[in-house]
Amino acid sequence: MSAQHRGFTLLELLVALAVFAVLATLAYGSLGRLLQARDTLATRAEALGRLQRVQALLARDCGALVPRPVRDELGDPEPALRRAPDGSLELTHGAFSNPLDQPRAEVQRVRWQVRDGVLYRDAWPVLDRVPGSRPRSQRMLDGVRSFAVDIEAGAGSRAVDVRLDAPPFGAVQWLFLVPGEA
């Protein structure tokens, strides 16, 4: 055979094919790990967003506390801010937006409570409830392992200490200052 018509031998083609197969296998494995990391990151970012939403709403509710006690369904008085016997947080706040300018109060009674591992934010349509009053429940966070609230009073100020344990971040603690006159 002359030098002009020289091609690849079968052995050279097999070696090239084997090298290509090894490189493709490595690239495919790396791509799989990259896609798995992307999915994990997206899941954690979504969980962080939900946790930040809970923190922001709690901060808004506590920061807008108003000194308006309410009456429960039986007519018994409840303070504007209280830790209920079941460990939930109940408060009256003035951050109740009314973008449609409807005829209603500008204050609202809310409760933060865990039921069956889910953190809910309940809001009543009226401040002084009557028998049969039902709150509108908003599902805030799933998988809650614990939710604890303490109300701390200091020299001329008060704060709400919230401890929450939920995956994937575990235990977090927030301290929200409440207005001094409330």
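A residue counts as exposed when its relative accessible area is over 50%, and as buried when that area is under 20%. The model described here is predicted. In this model, Asp 116 has a relative accessible area of 84%, so Asp 116 is exposed. Asp 116 sits in the loop that links β5 (108-115) to β6 (118-123). Its phi is near 55°. That value is positive, although the residue is not a glycine.

The loop belongs to a hairpin. β5 and β6 form this hairpin, with two residues between them. The two strands pair in the antiparallel sense, over six bridges. Within this pairing, Trp 112 stands opposite Arg 121 of β6. β6 has a further partner in β7 (residues 136-141). That pairing is also antiparallel and runs over five bridges. Here Asp 122 has Ser 137 of β7 as its bridge partner.

The turn and the strand that follows differ in exposure. Asp 116 is exposed, whereas six of the six residues of β6 are buried. In a regular strand, side chains alternate between the two faces of the sheet. Both faces of β6 are covered. Val 118, Tyr 120 and Asp 122 are buried on one side. Leu 119, Arg 121 and Ala 123 are buried on the other. Arg 121, the residue opposite Trp 112, is thus found on a covered face. Asp 122, the partner of Ser 137, is buried on the opposite side from Arg 121.

A second region is built around an open sheet of three strands. Their order is β8-β9-β10, and the pairing is antiparallel. β8 (146-153) and β10 stand at the edges with a single partner strand each, so one side of each has no neighbour in the sheet. From one strand to the next, the twist averages 15°. β9 (residues 158-166) pairs with β10 over nine bridges, in the antiparallel sense. Arg 158 stands opposite Val 178 of β10. Helix α1 lies across β9 and β10. The helix runs at about 20° to β10.

The loop between β9 and β10 holds Pro 168. The peptide bond from Pro 167 to Pro 168 is cis, with omega near 0°. Both prolines also help to line a cavity.

A search of the whole structure finds one cavity of 30 Å³ or more. About 60 Å³ of space lies inside this largest cavity. Two elements give two or more residues to its lining: α1 (10-63) and β10 (170-178). The largest share, three residues, comes from α1. Besides Pro 167 and Pro 168, the lining includes Ala 47, Arg 50, Leu 51, Phe 169, Gly 170 and Val 172. By class, eight lining residues are nonpolar, one is polar and two are charged.

Pro 179 lies in the segment after β10. Its relative accessible area is 17%, so Pro 179 is buried. Leaving aside residues up to four places away in sequence, Pro 179 touches Cys 62, Gly 63 and Leu 65. The C-alpha atoms of Pro 179 and Val 66 are separated by 7.8 Å. Along the chain, these two residues are 113 residues apart.

Key:
Residues are numbered from 1 along each chain as its sequence is written. This is a predicted model: local features need pLDDT of at least 70, side-chain atom pairs count only at pLDDT 80 or more; totals for chains, interfaces and linings use all residues. Side-chain values use heavy atoms; hydrogens and water are left out. On a 1 Å grid over the protein atoms alone, a cavity is a set of points where a 1.4 Å probe fits but cannot get out, and a pocket is an open set with protein on both sides within 12 Å along at least five of seven lines; lining residues have an atom within 4 Å of a point. Grid points are joined across faces, edges and corners, and a volume is the space filled by probe spheres set on the points. Helices (H or I, at least four residues) and strands (E, at least two) are DSSP runs, numbered from the N terminus. Ala, Val, Leu, Ile, Met, Phe, Trp, Tyr, Cys and Pro count as nonpolar, Asp, Glu, Lys and Arg as charged, and the others, Gly among them, as polar. Buried means under 20% relative accessible area, exposed over 50%, partly exposed in between (1.4 Å probe, protein chains only). Contact means heavy atoms within 4.5 Å. Two strands pair if DSSP finds at least two bridges between them. Axes are lines fitted to C-alpha atoms, for helices over the stretch in contact, and angles run from 0 to 180 degrees between N-to-C directions.
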